[in-house]
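Reader: Could you walk me through one helix up close? I'm new to this, so please take me through it step by step.

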Amino acid sequence: MSKLDLLTPPRREDRHPATCLAYGGSLCGSGKKGEKCALAADADRAFTQGSICPLLPAMGMMLSLPDTAVLMHSAVGCGSCAHGVNGNVRSGHAARRGKPADGLWFSTALDEVDVISGGDAKLERAIREIDAAYPLQAVFVVAGCLPAVIGDDIDAVIAKVQPEVGARLLPVHCEGFKSRFMATAYDVVYHALGRNLLPRPDQAGPREEKTINIMNVSSMGRLDELELERLVGEIGLRANFFPVFARPESLRKAAVAALSISTCPTHDDYFLSHLEEKYGVPYIINHMPVGIANTGQWLRDVGERLGLGKEAAVLAEAEEKEVREALAEFIPHFRGKRVYLSAGEYRSLATASLLRELGFEIAGIRSFHYDEYAEVELEKLRRDKRDFVWSVANVQPFEEANLLKRVKPDLFIGHWHGNNTAGRLGIPTHVIYNTGYGYLGYRGAYDLARRLFRKLKNPAFTRRLGRYARLPYKESWYRAEPFSLIRSKTGEAV
Ligand code: SF4
C-alpha cells in the first residue's frame with residue numbers, strides 16, 4: 001500500500017528514524033563512528049527559543065497555485081505567515097505569467113466557543129461561502145492544531161460538501177504539534193496533491209520520453225528554473241516544474257515523464273517515490289545543483305539515466321570551463337574569507353561546497369535538521385579535511401549568537417528571516433535563498449559570486465548596525481559553552 005493511500009501522511013521522524021534536531025560539534029566529529037548525528041537522534045535542548053511550524057513552508061507552496069485558495073481551519077493566528085510569503089507569490093506569478101497575483105486565503109478563526117461546541121459547521125459554511133464568491137479550481141482545506149485537539153473532522157466535512165461545490169476540496173493535515181520537523185510540510189502538501197490531483201494511471205496518457213520532472217517546492221525562483229531549463233534543454237530535454245505555481249497540466253505530465261530529478265532530497269523524497277511506485281516514473285535524488293561540481297554531477301546523472309550521458313558530460317565540461325573563467329576575477333577577493341551558513345540541511349551543505357569553490361573558508365554551518373540524506377553532502381565537505389563547527393538546530397538564535405561571537409566570521413549567509421542575529425553583531429549578511437535572485441546551476445554560481453563581492457566590498461551598513469544594535473543575552477551566556485544546553489533523553493549533556 002502506498003503512503004498516499006493513508007488519510008494523513010506519516011511524520012518525518014517516523015519515516016526517517018535518524019532524523020534529529022539537536023547536535024553540536026564539528027563536521028569531522030560528526031563523521032566518526034558513534035559520533036554521528038544519530039548520537040543526538042534522541043537529544044533535545046534543555047532550553048528552546050523557538051521552532052518553525054510546518055504551516056510556514058506549506059503555505060508558501062499552497063498559495064502559489066493559480067486559481068486555488070487556502071482555507072485554514074484553526075485558531076486565528078495559524079496561517080498568518082501567509083502575509084510574509086505573499087511577496088514571493090506575487091513576484092512568482094509576475095515572473096511566470098507577466099502579472100502579479102496575490103495568494104488567496106481564509107480562516108475559520110476558531111474561538112473559545114468553537115473549542116467547546118466544535119467547528120465543523122463553521123468550516124462547512126466557510127467552504128460554501130468561498131465557493132459561491134470565487135470561481136476556483138481547488139481549495140486546500142487545512143487543519144492546524146486546534147481541530148485535531150477538539151476532534152473536528154475535516155475529511156468528513158469535505159466528503160459532505162464536495163458534491164455541492166464547484167472547486168475540488170483538498171484536505172491538508174498540517175497540525176503543527178504533530179511533528180517538530182518543518183520538512184513534514186512538504187510531505188503534507190504533496191500528499192494532498194498526489195491523492196487528489198494526479199490522474200489515474202490508466203488515464204494519464206502516453207509516456208513523454210523527453211520530459212523530466214524538476215521539483216520546486218518554492219526553494220528556487222524563476223531565474224533558477226530558467227537556468228535548469230536551459231541546461232536540460234541543451235541536451236534535448238523538456239523540464240516540467242511543479243508543484244509551485246503549477247497548472248493542473250504539470251501534474252498530469254508529472255505522471256508520464258521519463259524521469260523525476262530532485263533539486264533537494266529534503267523536499268522531494270516523499271513524492272518522488274510515489275511517482276515511481278504508482279506511475280513508473282524513475283527518479284534521482286542525489287545532488288542539489290548548487291555549485292559547479294554539484295551542477296555537473298546533477299546534469300550528468302540526468303544524462304546517464306536517459307542515455308544522454310555523453311551529451312551531458314560535454315555540456316558540463318564546457319559550462320564549467322566558462323564559469324570558472326568568469327569567476328576568476330572574484331576568487332582573489334574571496335580567498336581566506338570565513339563564512340558561516342545557516343539553512344535547511346541540504347541547502348546549507350551544498351552552498352558550503354559552492355563557497356569553497358569560490359575560495360571561501362567555511363567557519364561554521366547550522367543546519368535546521370539532519371536525516372540520512374545529509375550524509376552525501378557532509379562527505380563531500382569532509383573530503384578535504386578542513387574542519388569547522390557544525391550544528392543542527394531548528395533555529396535557536398541564542399546558540400547562534402554565542403557561536404558567532406566565538407567564530408567571528410567575515411560573512412553570514414542565512415535565510416531572510418534569520419539574518420538578524422548576525423546583522424546585530426555587525427557581521428555582513430546575505431540571503432541563502434531569495435526567489436528574485438539566481439543561485440542554481442552555473443549562472444547561479446556566478447550571480448552569487450557577484451552579489452557576495454559587492455556585499456564584502458562595502459559592509460558599512462551591518463558594521464554600523466552592529467555598533468548600535470543589541471542582542472538580549474547576558475555576558476554569562478556568551479561565556480558558556482554554546483552546546484551546553486543539548487541533552488540526551490535521559491537529561492545528560494551530550
Ligand atoms: S503550531 Fe499549531 S497552533 Fe501554532 S501556528 Fe502551527 S498549526 Fe497553528
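**A close look at α4**

Author: Sure, and a bit of setting comes before the helix. In this predicted model, 50% of the chain's 494 residues count as buried. A compact globule with 494 residues would have a radius of gyration near 23 Å, and the chain agrees, since its own value is 23 Å. There are 22 helices and 16 strands to pick from, and among contacts between residues at least 6 apart in sequence, 72% link residues at least 24 apart.

Now zoom in on α4, which runs over residues 82-97. From first C-alpha to last, its 16 residues reach 21 Å, close to the 22 Å you'd expect at 1.5 Å a residue.

So which residues of α4 are buried? They are A82, V85, V89 and G92. These four cover an arc of only 75° around the axis, which puts them on the same side of α4. The background is simple geometry: an α-helix has 3.6 residues a turn, so residues three or four places apart point the same way.

What sits over that buried side? The cover for the buried residues of α4 includes α3 (55-62), β4 (104-107) and α10 (222-234). Flip to the face turned away from the buried side, and you'll find the exposed residues H83 and G87.

Finally, follow the chain out of the helix. Just after α4 comes G98, which takes a positive phi of about 85°. So there's your picture: A82, V85, V89 and G92 are buried, while H83 and G87 sit exposed on the face turned away from them.

Note on methods: Residues numbered from 1 in each chain as written. Predicted model: local features only at pLDDT ≥ 70, side-chain atom pairs only at ≥ 80, totals over all residues. Helix = DSSP H or I, 4+ residues; strand = E, 2+ residues; numbered from the N terminus. Expected span 1.5 Å × (residues − 1). Buried ≥ 20, exposed ≤ 12 C-beta atoms within 10 Å, placed from the backbone. Arc of directions from axis to C-beta. Contact = placed C-beta atoms within 7 Å. Rg over C-alpha atoms; globule rule 2.2 N^0.38 Å.
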